[in-house]
Amino acid sequence: MRARVWGCRGSLASPGPETVRYGGNTSCVEVRLSDGTLIVLDAGTGIRPFGLSIDPERDKTIHLFLSHLHLDHLEGLGFFGALWRPDVDLHIWGPPSPLRSLEQRIARYLSPPLFPVHLSDIPSHPKFHDVPDGEFPLGSAIIRAQPISHRGPTVGYRLMEGGRSIAYLPDHEPALGVDLNEMEPEWISGHGVAEGADVLFHDAQYTPAEYDARIGWGHSSVEHVVSFGLLSGVKQLVMFHHDPLHTDPELESLLARATDLWGGNDSGPVLAHEGMEIELVPDAAVEQLQTRLQQ
Amino acid sequence: MEKTQQRNLVLILARELAANSATPMFVVDPDGTLVFFNEPAEQVLGRTFAETGALGPDEWGAMFSPLGTDGKPIPIDQLPLTKAMRDLQPGHLEMTITGMDEERRKIAVTAFPLFARANEFVGAVAIFWEANPPG
């Protein structure tokens, strides 16, 4: 399983000389499973350059998983090249809502007057799926989706393959109204997705002072993300969803604070950046067990 | 390595609401276990959640000796929280309880079920008011 970051900025795309090291595109992560299955996490502006990288002969089936429908996770969809290819089998997964289907909610954006073409006229005719609350197989992986604490219906995803796992919670406020360090893990939003993950992509938008002025907006401070990562026992914390006002040096200052808080626990936190690649080699013991079970 | 069965987000948020509310609140899980009550509820009940921990439905239903306005004991299956869990409907009742500090208090209780997604019952919340709070 290999992941590549195409956008890790939160809230609003923010290109410019102040953001060149970590990038200004909003959320989009490509995940390629070992059997070749192509998964895309979120459709922020990073999905546009990602779309240009796709091999049209190879990738005819694409699974796009939306964490939620805030614009910074959806605004790139209309500019995703595969959306316009009639030969592509595009599956769009997202959080269910009690009122409107996923297709109806996305059509509010992908239709006039906000977009020139109506969703029903788009050549790939995407198929929409509410993500089940729980686990389901996809290609050579198992996907787990669970609702998490953010404004509006939002899910966190865990992708598991060969005994390794990636957790993706780009917008998450687990510390809303509670002290994470005083909570039992079963009462922490997102714990069921993140626990023991090899890699955790997690919201790290604010400094503590910024968070204090934005409580309830659905995001985490650097203190919160480190506490959440430690409580979840993740092996590699990747700080994600950078605030659009944070320059590269400011992000590095946040990383220094996170590293201090993390202490000597495993490998320290890192900042997500465009072009970041992470490869998870299957756990040999799990692979052997799977092979025996298949025989 | 995963070890923890996380609670449903709606139940987590209900507990967070209770923990930050000045209104006395109970939170029960889908099995009827009292999984949290807040500090204002501790004042009415006469015991802290840290002292009691989680309580099964038979435990919390009986331990407050609820009496109706007619002075007769209220069966557990007629309590608002029981109605919320059994019938998945809101319930309301006035009653007198004897707290774990042996003090008798007249209270009004409103309970309602919690749903996640369309019809997934994930627990219930009871909110209660002391009719004659000590001055």
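Reader: In this predicted model, which residues is A:His68 in contact with, leaving aside its neighbours within four places in sequence?

Author: Leaving those neighbours aside, A:His68 is in contact with A:Asp42, A:His73, A:Pro95, A:His150, A:Pro153, A:Thr154 and A:Asp171. A:His68 itself lies in the loop between strand 4 (61-65) and strand 5 (89-94) of chain A.

Reader: Why is A:His68 called buried?

Author: The relative accessible area of A:His68 is 0%, and buried means under 20%; the value falls under that cut-off, and therefore A:His68 counts as buried.

Reader: What makes the pairing of the side chains of A:His68 and A:Asp171 a polar contact?

Author: The two side chains are 3.4 Å apart, and a polar contact requires a pair of N or O atoms within 3.5 Å, one able to donate a hydrogen and the other to accept it; the distance is within that limit, so the pair is counted.

Reader: How do you know that A:Ser67, a residue adjacent in sequence, may be counted as well?

Author: Residues adjacent in sequence count only if both atoms are side-chain atoms, and here the side chain of A:His68 meets the side chain of A:Ser67 at 2.9 Å, so the condition is satisfied.

Reader: Turning to the interface, what makes the meeting of A:Glu186 and B:Arg7 a salt bridge?

Author: The side chains of A:Glu186 and B:Arg7 meet at 2.9 Å, N to O; because the cut-off between a side-chain nitrogen of Lys or Arg and a carboxyl oxygen of Asp or Glu is 4 Å, the pair qualifies. The count between chain B and chain A is one salt bridge. On the side of chain B that touches chain A, helix 1 (residues 9-19) of chain B gives the largest share, six residues, and by class that side has six nonpolar, five polar and seven charged residues.

Reader: How many residues does each chain bring to the contact, and what area is buried?

Author: Chain B brings 18 residues and chain A brings 27 residues, while the area buried between them is about 1800 Å², with 48% given by carbon and sulfur atoms.

Reader: Why is B:Asp77 called partly exposed?

Author: B:Asp77 has a relative accessibility of 43%, and partly exposed is the range between buried, under 20%, and exposed, over 50%, so B:Asp77 belongs to the class in between. B:Asp77 is found in the loop between helix 4 (57-62) and helix 5 (80-86) of chain B, and, not counting residues up to four places away in sequence, B:Asp77 touches B:Thr82 and B:Arg86.

Terms used
Residues numbered from 1 in each chain as written. Chains lettered and ligands numbered in written order. Predicted model: local features only at pLDDT ≥ 70, side-chain atom pairs only at ≥ 80, totals over all residues. Heavy atoms only, no water. Contact = heavy atoms within 4.5 Å. Buried area = accessible area lost by both parts, 1.4 Å probe. Helix = DSSP H or I, 4+ residues; strand = E, 2+ residues; numbered from the N terminus. Nonpolar A, V, L, I, M, F, W, Y, C, P; charged D, E, K, R; others polar. Buried < 20%, exposed > 50% of the residue type's maximum accessible area, 1.4 Å probe, protein only.
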